[in-house]
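Let's walk through a protein model together, starting from what sits inside. Have a look at the sequence and structure first.

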Amino acid sequence: MSDIVQRINQLKKEKNAIILAHNYQPEEIQRIADFVGDSLELCIKAKETRADIIVFCGVDFMAETAKILNSDKKVLIPEIKDIECPMAHQLPADVVKKAKEKHPDAMVVVYVNTLAETKALADATCTSANADKVVNFLDCEKVLFGPDRNLAYFVSKRTDKKIIPIPEDGHCYVHKKFTLEDVKRVRKEYPNAELLVHPECNPEVQDSADYILSTSGMIRHVLNSDKKKFIIGTEVELITRIKLELEKTGEEKVLIPLREDAICDPMKRITLEKVERCLKEEKYEITLDEEIIKKARVAIERMLSAKL
Ligand code: 13P
Ligand code: SF4
């Protein structure tokens, strides 16, 4: 074990801290984290933890969600600059307010990839692992859904409710890169491979995939499948994550990225040095308005209680 990893572990013990990391984090962070998961699993873990300090290795909305679920705990993020998920900033609270005025009979479901003040206006949040189930769980006919237009498409194919996307064109710049041309190319090159894509992908890419799954859904699928070859249609680091899991079982599988340049820059801002500094100096701390926390928690709790 390297010196820095030893120091991080020591600090963690002294301060009763836990390190949570998203599946897109760099390998060195995945290796030192206490738990690595998709957005839904991270929400559940953040809610259950008994640690005094949560060090969140991910993007802004994920650390904010951990804070909303743990207002009495210290939630830290090792880097504060350029860690915003651009999609989360595409649905400001005033857009939700206007949409609610226009559709007073609709309920509001927002992706966890949103700002805390946007969550505070929602009836429920959802993640890519449960979006269709949350929408179907709600007692209404019409749902204002945002910010991801592609996730809205995914949900609309799995519900009888009317889905109204807010804003019109919300998207993830990483998943938006995948095209039908990419699909045709990999299908030709790897005819025996299964194509797994994330619901943030464009409709035509979703429609041409074998499976549409959240990041952890993809991990489980690869680990449990008899198949040997998979094309991964999400951020490239998910391949690192699956390889680390395969290392534990000794099984060999071939993992091919749908595009090599599917890289989420805000997810790559955290390093071991920053994690050590974060634990030592207890910064950067996530702080949110108490009223916002209270309201946003109701929306997240409704998602978690939806018996998914
Ligand atoms: P998951 O919840 O599937 O991990 O997705 C989060 C995300 O930001 C995908 O871009
Ligand atoms: Fe946001 Fe896209 Fe990065 Fe996910 S991959 S954190 S949606 S920018």
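The shell around ligand 1 takes at least three residues from domain 1 (3–84 + 267–287) and at least three from domain 3 (175–263), with bounds that come from an automatic or database domain assignment. Keep in mind that this is a predicted model, where local features need pLDDT of at least 70, side-chain atom pairs count only at pLDDT 80 or more, and totals for chains, interfaces and linings use all residues. Residues are numbered from 1 along each chain as its sequence is written, chains are lettered from A and ligands numbered from 1 in the order written, and side-chain values use heavy atoms, with hydrogens and water left out.

So who surrounds ligand 1? Among its neighbours (a heavy atom within 4 Å) are H22, Y24, D38, H198 and T215. By class, the shell holds 1 nonpolar, 8 polar and 2 charged residues; Ala, Val, Leu, Ile, Met, Phe, Trp, Tyr, Cys and Pro count as nonpolar, Asp, Glu, Lys and Arg as charged, and the others, Gly among them, as polar.

Now zoom in on the oxygen atoms of ligand 1. A polar side-chain atom of T215 is 2.6 Å from one, and a polar side-chain atom of H198 is 2.8 Å from one. Taken alone, ligand 1 exposes 300 Å², of which the protein buries 95% (Shrake-Rupley method, 1.4 Å probe).

Over to ligand 2. Its shell has 8 nonpolar, 2 polar and 1 charged residues, including V59, C85, P86 and C172. Y24, N113, H175 and E200 are listed around ligand 1 and around ligand 2.

Terms used:
Polar contact = N/O pair within 3.5 Å; in protein donor to acceptor, adjacent residues only side chain to side chain.
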